[in-house]
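Work through the following exercises with the structure open beside you, and try each task before you read its solution.

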Amino acid sequence: MNSNQQIVAAMERAGVDLVCSVPCNLLGGILGLLDAGRIRHVPVTREEEGVGIAAGAALAGKRPLLLMQNSGLGNCVNALASLAGLYELPLFLLMSHRGGARELIAAQKPMGAAAPQVLDALGIPYDCIAAPDDLGRLESALRATYAGSRVRAAFLQPELWSCSA
């Protein structure tokens, strides 16, 4: 099983039943699997729209996940703090982490560096998933999100895809 398949399988085992997504080329494999699978997938135009839909789903007893690029984290800070966080709604943010040392697009670098600090400032715990061996932590983090009814996150590092089949 490749990394994309392992990620979707972890979502399924943890009971994720709604994924809102904003497109990212690194996440294309996951998006394709979601569209062909059992988890309801709702593409959104902006990250804060995804937070709003996920909040409504959580209030209806669903287990939502927002799939996005880390550069979109800045777009949804207020919705995370004043909606999902304030009302202790379970939401998992699964983000491709752009802007690292090998990043070719200069515009990705500032938010790539700031994203972990933004989560720290919001009090949102997160994991960094850089290798297939790290994927075991993903299911545990997902389960903790829904059991504890809070926002959590994980960064999918670019190396994850370069070392998987």
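**Exercise 1: Helices on the sheet**

Task: Find the strands that helix 5 lies across, and then describe how helix 6 is placed.

Solution: Begin with helix 5, residues 109-122, in this predicted model. Tracing its contacts, you meet strand 4 (91-96), strand 5 and strand 6 (151-156), and the helix runs at about 170° to strand 6. Next take helix 6, residues 136-148, which packs on the sheet and touches strand 3 (64-69), strand 4, strand 5 and strand 6, while its direction makes about 150° with that of strand 4.

**Exercise 2: The order of the strands**

Task: Work out the strand order of the open sheet, and name its edge strands.

Solution: Reading across the sheet, the 6 strands follow the order 2-1-3-4-6-5, and their pairing is parallel. The two ends of that order are strand 2 (40-43) and strand 5 (126-129), each of which pairs on one side only. From one strand to the next, the twist averages 20°. Now look at strand 2 and its partner, strand 1 (residues 18-21), which are joined in the parallel sense over 4 bridges; here Cys20 stands opposite Val42 of strand 2.

**Exercise 3: The nonpolar cores**

Task: Which residues have the most contacts inside the largest nonpolar core?

Solution: That core has 27 residues, and the ones with the most contacts within it are Met11, Ile30, Leu65 and Leu94. Its contributors of at least two residues each include helix 1 (3-13), helix 2 (28-36) and helix 7 (159-162). Leaving aside residues up to four places away in sequence, Met11 touches Val16, Val19, Ile30, Leu34, Ile39, Leu65, Leu94 and Leu142. Finally, a second, separate core of 24 residues has among its members Leu91, Ile124, Val151 and Phe155.

Definitions and conventions. Residues numbered from 1 in each chain as written. Predicted model: local features only at pLDDT ≥ 70, side-chain atom pairs only at ≥ 80, totals over all residues. Heavy atoms only, no water. Pairing = 2+ DSSP bridges. Axes fitted to C-alpha atoms, helices over the stretch in contact; angles between N-to-C directions. Contact = heavy atoms within 4.5 Å. Core = buried A, V, L, I, M, F, W, Y, C linked by side-chain atoms within 4.5 Å. Buried < 20%, exposed > 50% of the residue type's maximum accessible area, 1.4 Å probe, protein only.
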